[in-house]
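Here are a few exercises to work through with the model open beside you. Try each task before reading its solution.

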There are 2 protein chains.
Amino acid sequence: MKRVTIVDVARSAGVSPAAVSLALNKPSRLSPETVERVRETARVLGYVPNPHALALVQKRAGAVGVLVPQTISETFANPYFAEFLRGVGAGCEEKGLSLQLVPPREGSVEKAVSIAPVDGFLVVGLSEEHPGAKPLSRRGVPFVVVDGDAEKAPSVNCDDEGGAYAAARFLARRHRKILVLGFPRSSGGRERFVWGVEKRRLRGYRRALEEYGITWTADSVTASAVSPEGGEEAFARAFDRLSRAGRRPTAVLAASDATAFGVLRAAGRMGLRIPEDLEVIGFDDVPFAAFCNPPLTTVRQPIEEKGRVAAELLLGLLEEEDRPVAEARLLPARLVLRGTTV
Amino acid sequence: MKRVTIVDVARSAGVSPAAVSLALNKPSRLSPETVERVRETARVLGYVPNPHALALVQKRAGAVGVLVPQTISETFANPYFAEFLRGVGAGCEEKGLSLQLVPPREGSVEKAVSIAPVDGFLVVGLSEEHPGAKPLSRRGVPFVVVDGDAEKAPSVNCDDEGGAYAAARFLARRHRKILVLGFPRSSGGRERFVWGVEKRRLRGYRRALEEYGITWTADSVTASAVSPEGGEEAFARAFDRLSRAGRRPTAVLAASDATAFGVLRAAGRMGLRIPEDLEVIGFDDVPFAAFCNPPLTTVRQPIEEKGRVAAELLLGLLEEEDRPVAEARLLPARLVLRGTTV
DNA sequence: GGTTGTCAGTAAAACGTTTTAACGGAGGAG
DNA sequence: CTCCTCCGTTAAAACGTTTTACTGACAACC
């Protein structure tokens, strides 16, 4: 049951451990017959090098970490994330890197960061100023910020504000009572999304609405978990409350497709016809936005490309130590009209 | 730019490296004032322990690997996988474990297995007899087989054959020309899915169809990539070919929801009405099956639960070395009728 | 006063590799 | 015959931790 190590192979083949290492990694520096003998011995014994020892000595683990601010379960509730990972995977695979998903450990992002045996991080949905970001630089591994706001670190984002503005404008022309669904609040005590993606999207919504004379107040935006269930529940509750107050909304701006799907479900359950009784616009254009019933009007961003770009940026950082500048990539976002708007 | 190590802290605090380690991990074995001084020094210097060294000495990396037989990108093209990971994540998080996605490295599953710095593997979609499975036992880390077939190793599956049988029976009562869509063939040269999940689902389809007198031949099943795009393309091509031959299908059995989504799209493009002109049944019941247009009739399996069960099995293996028996968990699968069947 | 015990802290081994520098022997050049 | 070079191989250092066993020092006990 004990693992076979390099010294076992060495002993069995009658050579030194160094010779085994060379035979396996730099065969040209050994006589062909020795190489052959050592390799055969290793094969017979079933030798597999210990990855931890390897990582320690070569200072690389062959994996990049994807740091997410929520649990894995919450994270994948949003199909956006799977699509994003497809891009990351595509970017990493050519270099033979694995992907490690790193959720907070016992609620602490810092702890998770320090423990994860990875060569670099893709930080998604976190601000550079976030307390969890500090250990990152201490860890001494490079990182790229995605869907956050970074000044000094390289980052990848889409034009959240512009996309949101277009969506809101499209609705504000014909509606006065627009329900805006945002991201969750104070999950874990800290207001996680007051900056970053949400801040920008809300800013876009607000700008458009105000241009059309719709006043924006503190409670203009309704918090919602980023999942169909979250959207369903948040919409149902808010719609009910507003209807009672005589301000029944006729359109919805959802800050995420995942949320919008929930809105559609809730609306269906309540007997609202879409888009006649209620227009809905999501954000992201995840693959299934085009498939749902009716097909979702949404703001399209190149999710998969975003992942690939982020991975490429990080790989660049991994190879050249001394990349000085903080490159900030901005990807486009544009409104695509489908069946949930007239 | 150099990382601060434990000896830096030790030197700076005027103690031995051992004392630093104790101060951080077993503070009770040191005087309170020393502990405080060391911790303060560590904080000021920004010390973060090296995860590789930690993993080497404690023989645990704090991560479990999810071994997939395709690229990350291909894997996440099937929404099934994200849902599965939600369960795995839920199972792992309470123990504070990260998740590492391990795709084949340079086409070799073996290489990927030996390099990944993880404490155990969830092997999805691979047979125990698969060449890639051998290095697993050599690695000396425990593993659980999911969606494969294992005799000696612990495994988790759903009742693929039973679910498929139910679906096929439901159609065979009213249809004679049923198109069966399977998994991709010979990707990478080896016929990856002739066993395991596909074998069982096809067996279920076949049994039902033959009971209704529909003959099953070598070309009864059409290969399809497990993604909407794959399903779209495979269906369009097969439908065309069969129509020309005067055997235009009136129903489709898709071995996966992801494929079925593609069928719906292709059918829509071709002007086929669903379910009037074509009935479709998928498999898995991914979250969006209920949302698509029309809602997909499919075979439901408890995907998220499957992930959780697999994680729990693996965690058990990680804790108790000497768990002898190969537990094989079988989860239920049942047909749920929605809008793509009459 | 010797034995025993506890306490705070340390030296050194261990984990399993890679890599650097050195070594001995053989062969060739002078 | 000596010196130099080359070749195949090895000893030992390095990576950064944790852990085990040990060392003094000091107090307590009989």
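**Exercise 1: a charged pair**

Task: Find the residue with which Arg269(A) forms a salt bridge, and work out which parts of chain A the pair ties together.

Solution: Bear in mind that this is a predicted model. Start from the side chain of Arg269(A): its salt-bridge partner is Glu232(A), and the closest N and O atoms are 2.7 Å apart. That separation falls within the 4 Å allowed for a salt bridge. Next, place both residues on the helices of chain A. Arg269(A) belongs to α12 (residues 257–269) and Glu232(A) to α11 (residues 228–244), so the pair links parts that lie 37 residues apart in sequence. To finish, put the pair in context: over all chains, the search of the whole structure gives 48 salt bridges.

**Exercise 2: the interface of the two chains**

Task: Describe how chain B meets chain A, beginning with contacts and buried area.

Solution: First take the contacts: 51 residues of chain B touch 51 residues of chain A. Then turn to area. About 4,900 Å² is buried between the two chains, and carbon and sulfur atoms give 63% of this. Within the area that chain B buries against chain A, His52(B), Phe288(B) and Phe291(B) supply 15%, more than any other three residues.

Now look for specific pairings. The rule finds zero salt bridges across this interface, but ten residue pairs in polar contact, both residues at pLDDT 80 or more. Several elements of chain B each bring at least two residues to the side touching chain A, including α4 (51–58), α6 (79–93) and α12 (257–269). The largest share, six residues, comes from α6(B). Sorting that side of chain B by class gives 28 nonpolar, 13 polar and ten charged residues.

**Exercise 3: an enclosed space**

Task: How much space lies in the second largest cavity, and which residues lie nearest its centre?

Solution: Begin with the survey, which finds five cavities of 30 Å³ or more in the whole structure. The second largest holds about 80 Å³ of space. Its lining has 16 residues, and those nearest the centre are Gly96(A), Leu97(A), Ser98(A), Pro103(B) and Arg105(B). Both chains therefore appear in this list, as the chain letters show.

Next, ask which elements of chain B take part: β2 (98–102) and α7 (109–115) each supply at least two lining residues. Last, sort the lining by class, which gives ten nonpolar, four polar and two charged residues.

Definitions and conventions:
Residues are numbered from 1 along each chain as its sequence is written. Chains are lettered from A and ligands numbered from 1 in the order in which they are written. This is a predicted model: local features need pLDDT of at least 70, side-chain atom pairs count only at pLDDT 80 or more; totals for chains, interfaces and linings use all residues. Side-chain values use heavy atoms; hydrogens and water are left out. On a 1 Å grid over the protein atoms alone, a cavity is a set of points where a 1.4 Å probe fits but cannot get out, and a pocket is an open set with protein on both sides within 12 Å along at least five of seven lines; lining residues have an atom within 4 Å of a point. Grid points are joined across faces, edges and corners, and a volume is the space filled by probe spheres set on the points. Helices (H or I, at least four residues) and strands (E, at least two) are DSSP runs, numbered from the N terminus. Ala, Val, Leu, Ile, Met, Phe, Trp, Tyr, Cys and Pro count as nonpolar, Asp, Glu, Lys and Arg as charged, and the others, Gly among them, as polar. Contact means heavy atoms within 4.5 Å. Buried area is the accessible area (1.4 Å probe) that two parts lose on being put together, summed over both. A polar contact is a pair of N or O atoms within 3.5 Å; within protein, one must be able to donate a hydrogen and the other to accept it, and residues adjacent in sequence count only if both atoms are side-chain atoms.
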